Amino acid sequence: MTGDTTRNSAVHPPSAPVAGHSTRAVPHQSPTPLGRLVATVERLRREVLEAQAAADGRALVELAKGILIGQLNCTPAAAARQLDLLCRDSGTSRLELAADIVNQASRDHVSEIAAAFVERAGTDDDRAEHSAVSVRLRTAESGMLAAASDTQAVAESLLTNALGPLGAVAVAVWTAVPDGSLALAGHAGFPPREAVRWRHVPPGVSTVAGLALRERRLVTLPRVKRAGLPSIGHLQWPEGGRMAVPTGTGGRIHGVLEICWPQPLAPQPPQIERQVEALAELCARTMDASPPGDPTAGDAVLPDVAELIDLAEGLQDPAVVLTPVLDHEGRLTDFRIRHAGSRFVDPVGRPRGDVSGALLLEAYPMAAAENGLFDIIERVHATGEPFRAERMSLTALVDQIPLTSVADISVSRHGAAVLLIWRIEDETARLANLLQHAQRLGRIGGFEENLATGETTWNAQLYALHGLPATAPPVRLRELPGHAHPDDSAALGRFLRALLRHHRPSSVNFRLRRPDGITRHIRVVAEPVLDADQRLHAVRGAYQDISAQHWTEVALAATRDQLAHTEAESAERNRLALQLQHAIMPPTPPAVEAPGMRVAVRYRPAETESLVGGDWYDTVVLPSGLIMLSVGDVAGHGIEAATGMVVLRNALRGLAVTGAGPGQLLSWLNTVTHHLAKHVTATAVCGLFDPSTRVLRWARAGHLPPVLVRGGRAEAFPLIEGLLLGALPDVAYGEREVRLEPDDTLLMFTDGLVERRDSSVQDSLGHLVNAAAAGSGDLDARLDRLLAGSRSDTDDDTCVIGIQVG
């Protein structure tokens, strides 16, 4: 055919200098015999490739001629002349024109891709790209169809005619095996040794092609090395890019087309990805080994489907045969239920005649849920990898009401059809399964011993309890004493006599000594089985591992003993603390008569003895004639608080005889508190009253200020600075003076009188001030009313000192 151009410079670029090497002339050297042989082989290989490309181009031109013959109803010679005339008038080459004629006539996926380039063609470069795409795809199609089932020739035609112009250097065509493995069916551009190494990829090995097969989509990797997925040629081009796309027809995936670039692959435009997908579709047509026929052609049954129906009828399990339903573009839309086996049981009780012949999604619309039954069947049909699952939920609609059943599922592909087996779990199987799990969770093993035949039957759990392999002979009841702790022999003897001699149900707990040296605590419950003559025929029962329960009971007993001992110690400590508190601080001490004043005290201990606190009060006439008034509260409860109270109260008494002021006394008392053996904190108020001048000097250490009642009005002393005792080693405390008048009443108290959980301290102090102002009568009656009207809810000790000036 004159005028055909079959060599393409994009496929076979001219030789270029090798980087890093000089191009200057070198002296001529005589070639060696090996060199001449290599040059000859390379020349022959190049000629074969050129011949193949020329043959592919001629096949495309001949196909276009055939289309013209059919359209123009002319002879082959007239069609050739018409083609030459069209080439001359349009200014295009024969290959480009032939590709356009085939695109217009076929209206297939390849022509759609070419049409997309026409729509976006706005410049001469765009139109040239459109022509190049059409020629590449149609030339590759011609070469692949000519190669037919020779996948190796298909791979070489793909690389030469379509992928080489895109910059690819190698291509691999993988066949998907139903067991999940991949077989290298054809390759081009890879070294022969590399192809031999990768001729088979076992299931579970992650590769680039395996990723595309698993995800069922086109996968693009800019750098194969960075992706961390080994694949054919990854050592030759570690920084190169990869594309892998599944090849399939009619919803079935036959394999994967993998393309290799020597350099990193930039993000590809959608047009390039569509070209690669079109090539994968062409490749799939050559790999499809199914017999010819239209899967959508009504009730036609292919031979392999008929064989599968016969196989389904021979199974003991309920089986369904499904065939794919495709749309006019060859896409999978549904599956048709070609046959429901005679043992088929519909989850909602429909007869199998109502299901046979129906579409799967019409009969079971709930199967379309995400990751549901339809997705599983579609995946098996696409990849050929079988699927099995136990206790899978199946949901069907009955009058728009979903009904769910549990079944064991098995799905496998056979030729063009899919075999679905579902075994719905009936009530008997469900109860047996429940019993099995209950025995496992409860660590229970069952047995039956036939005394007539001597046969003993154990379940698997009982072998596990005894630590024996499933092939070991069971231990008979009479042999139990030899496997138990010697101290349990008497109890086992009573158990066996009651069971075997007196024919009564019995139970026993004993320590089982297993062959692996582990001792387990076991409970055996058994009952006799009598025949019609009331003679002992068999014994059945169960073993239960109660080791965890036994050790729990032992731990509980030890814990109870420890708790009882701790409670006794705690009660003794509380008793001692209460005695100590009462010895130092009697609840109702007698009134104190001091020069120029009368002092009364009310002390109310906590209602709970375990909450014995550290409140204290003290009134003492010093050698100087001054009267020291103090009240304080040690933080915490119990013996530590009580002993801390005694230490601080006595320390303040001893320090007061030095004649120091209340601020200095509290500073010294802070040092004492800070250096106690156990870190203690406390609050206190200390005052020195001079009867001759009726002047009260006072200081506070984190305590509430005193309250002064005068002439029917009451108010709290203003707060002065004063950190609580024991917080820091060195603290200075400020002082204040106040002159008291005759008939004034001064109240000093601990926080147990006013503190509430639901109120602030200031609110509680305000309530006390109002209560003190409203009171009348003598000092004792006033203190009793304050205690009775206290709103405190903290169950703490309470101490109140009342000082009435004479």
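Buried means under 20% relative accessible area, exposed means over 50%, and partly exposed is anything in between (1.4 Å probe, protein chains only). Keep in mind that this is a predicted model: local features need pLDDT of at least 70, side-chain atom pairs count only at pLDDT 80 or more, and totals for chains, interfaces and linings use all residues. Numbering starts from 1 along each chain as its sequence is written, and side-chain values use heavy atoms, with hydrogens and water left out.

**View 1. The whole chain, with its 22 helices and 27 strands.** Both kinds of element are DSSP runs numbered from the N terminus: helices are H or I with at least four residues, strands are E with at least two. Of the 806 residues here, 42% are buried. The chain exposes about 41100 Å², and 54% of that comes from carbon and sulfur atoms (Shrake-Rupley method, 1.4 Å probe). Take the contacts (heavy atoms within 4.5 Å) between residues at least 6 apart in sequence: 60% of them join residues at least 24 apart.

**View 2. How sure is the predictor, and where does pLDDT stay under 50?** The pLDDT score gives confidence in each residue, from 0 to 100. Its mean over the chain is 77, and 73% of the residues reach 70 or more. Residues 117-127 stay under 50, and the model gives them 11 contacts beyond four places in sequence. Residues 291-301 also fall below 50, with nine contacts beyond near neighbours in sequence.

**View 3. An open sheet of six strands.** Read across the sheet, the order is β3-β2-β1-β6-β5-β4, and the pairing is antiparallel. β3 (200-201) and β4 (219-221) stand at the edges with a single partner strand each, so one side of each has no neighbour in the sheet. Two strands pair if DSSP finds at least two bridges between them. Zoom in on β5 (residues 242-249) and β6 (residues 252-260): these antiparallel strands are joined by eight bridges. Along that pair, Pro246 sits opposite Val256 in β6.

**View 4. The loop just before β4, with Arg216 in it.** Arg216 lies in the loop that runs between α8 (208-215) and β4. Its phi is near 55°, a positive value in a residue other than glycine. Arg216 is partly exposed, with a relative accessible area of 32%.

**View 5. The hairpin of β7 and β8.** Five residues lie between the two strands, and Gly330 in the turn has a positive phi of about 85°. The strands pair in the antiparallel sense over seven bridges. Look for Thr323, which stands opposite Arg336 in β8. β8 itself is mostly covered, with seven of its nine residues buried.

**View 6. The largest nonpolar core, built from 27 residues.** A core here is a set of buried Ala, Val, Leu, Ile, Met, Phe, Trp, Tyr and Cys residues joined through side-chain atoms within 4.5 Å. Tyr364, Ile377, Leu420 and Trp422 touch the most other members. Two or more residues each come from β7 (319-326), β8 (332-340), α13 (360-363), α14 (373-383), β9 (387-398), β10 (401-414) and β11 (417-424). The top contributor is α14, with five residues. Now find Ile377: leaving aside neighbours within four places in sequence, it contacts Leu322, Phe335, Leu360, Val411, Val418 and Leu420. A second, separate core has 26 residues, including Ala176, Leu213, Leu229 and Ile232.

**View 7. An open sheet of five strands with a helix packed on it.** The order here is β13-β12-β16-β15-β14, with antiparallel pairing. β13 (456-458) and β14 (506-513) are the edge strands, each with a single partner, so one side of each is left without a neighbour in the sheet. On average, neighbouring strands are turned by 25° against each other, direction ignored. Helix α17 (residues 489-501) packs on this sheet, touching β14, β15 (519-530) and β16 (536-545), and its direction makes about 140° with that of β14. For such angles, axes are lines fitted to C-alpha atoms (for helices, over the stretch in contact), and values run from 0 to 180 degrees between N-to-C directions. Elsewhere in the sheet, three bridges join β12 (residues 444-450) to β13, and the two run antiparallel. In that pair, Glu449 faces Thr456 in β13.

**View 8. Ser489 in helix α17.** Is Ser489 buried or exposed? Neither, quite: Ser489 is partly exposed, at 34% relative accessible area. Arg511 is 22 residues away from Ser489 in sequence and 9.9 Å away in space, C-alpha to C-alpha.

**View 9. Asp743, in the loop between β25 (736-739) and β26 (745-749).** Asp743 is not a glycine, yet its phi is positive, about 75°. Asp743 counts as exposed, at 62% relative accessibility.
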